Amino acid sequence: MTVKIQIDIARYSKLISPKNTGHNEEKEEKLLERCPPGHEGTKVVDKPATIIDVSGTIIAWYLPDALTETTQKEIRAATDLLGPSLEKSVKADGNWRYNQEWFKQGSENVGSTPGCINLSPAWFQQGHENLSDPEVSASLKGPSSENILKAIARPAAIASAALRVMHPQQYFAGLRALSHLGDKAVSKELPQMPETLQYWASVFNSLSIISNRETPNHRDHLSIPECFDILTTVGNYSNARMSMPSLQLEFRIVRHGVDGGEGDRIAWAWYMRDSVHIYAGVPSCGWAMVEGRILSTV
């Protein structure tokens, strides 16, 4: 089904400052008043759906139960392989993404290790996007790097195949970026990057692995506005949901958050960092459009 939102997402995105983290509720209320989605209250989406704006731009896809049991097991196994890195990522204070207050142990203390890590063949340290070359992310620099890359390969390919259908322009932009990145890695002799790219099986250049964490409403400014991120979730949880309060939408399982559910929860977020595309010299793609597809509207 299709859910129509009465806003222009391209214009809406221009109203969002990079400093707007999505945490200031007063500012969010004013933004909601300026750009109302066109329906009263929060609309719950619990069936496969596309979310489109007034211009026919596709804002989001929602595909519950899309992953087979085999793929879910692979995601769990790869996450378990990264347990030591996940454990080290949790801090006593600081940024909410790694703050221990937002994490909890899985079911009966035998679930996946809580934590949040980033995997990327080309990762810029914060504030260094225009000052230095990217590096292979820390979690892929150790002796287990090849095993990790092989463990995530099939889920990576599945997410890429989904993007090929959802947003072909973004898919090919991602391919070009990784190809150009490979050329640069060789010519500039960037440590470990050519070898890492050889096993990197995704058109996305970054993957965040999040285990057993509740997520407050926020915005991710490292991604490209016109591009989709792909969020996959697995686990034995219940009563978890993802909310997009800026659109007054809630998805049973852009500013979004994940409410704490009961049980073990793993989320993999695939995304394209704009800084990597700029470094690789690849122009941004356009927005994904409906383009004459026949969709039933609610």
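**Exercise 1. Count the salt bridges and place three of them in the helices.**

Solution. The count comes to 10 salt bridges, each a side-chain nitrogen of Lys or Arg within 4 Å of a carboxyl oxygen of Asp or Glu. The model is predicted: local features need pLDDT of at least 70, side-chain atom pairs count only at pLDDT 80 or more, and totals for chains, interfaces and linings use all residues. Numbering starts from 1 along each chain as its sequence is written, and side-chain values use heavy atoms, with hydrogens and water left out.

Step 1. Take Glu69 and Lys73. Their closest N and O atoms are 3.5 Å apart. Both lie in helix H3, four residues apart, about one turn of the helix. Helices are DSSP runs (H or I, at least four residues), as are strands (E, at least two), numbered from the N terminus. Both Glu69 and Lys73 are exposed. Exposed means over 50% relative accessible area, buried under 20%, partly exposed in between (1.4 Å probe, protein chains only).

Step 2. Take Glu146 and Lys150. Their side chains meet at 2.9 Å, N to O. They are four residues apart in helix H5, so about one helical turn separates them. Glu146 is partly exposed at 36% relative accessibility. Lys150 is partly exposed at 48%.

Step 3. Take Glu74 and Arg154. The salt bridge is 2.9 Å, N to O. It links distant parts of the chain: Glu74 in helix H3 and Arg154 in helix H5, 80 residues apart. Glu74 counts as partly exposed at 25%, and Arg154 does too at 40%.

**Exercise 2. Give the strand order of the open sheet and find its edges.**

Solution. Step 1. The order is S5-S6-S12-S8, with antiparallel pairing. Two strands pair if DSSP finds at least two bridges between them.

Step 2. S5 (115-119) and S8 (230-235) stand at the edges. Each has a single partner strand, so one side of each is left without a neighbour in the sheet.

Step 3. Inside the order, six bridges join S6 (residues 206-211) to S12 (residues 265-271). Ser208 stands opposite Ala269 in S12.

**Exercise 3. Identify the largest nonpolar core and its main contributor.**

Solution. Step 1. A nonpolar core is a set of buried Ala, Val, Leu, Ile, Met, Phe, Trp, Tyr and Cys residues joined through side-chain atoms within 4.5 Å. The largest has 49 residues. Leu119, Ile152, Trp200, Trp268 and Trp270 have the most contacts inside it.

Step 2. Helix H5 (residues 145-166) gives the most, with seven residues.

Step 3. Another core lies apart, with 19 residues, among them Tyr12 and Phe251.
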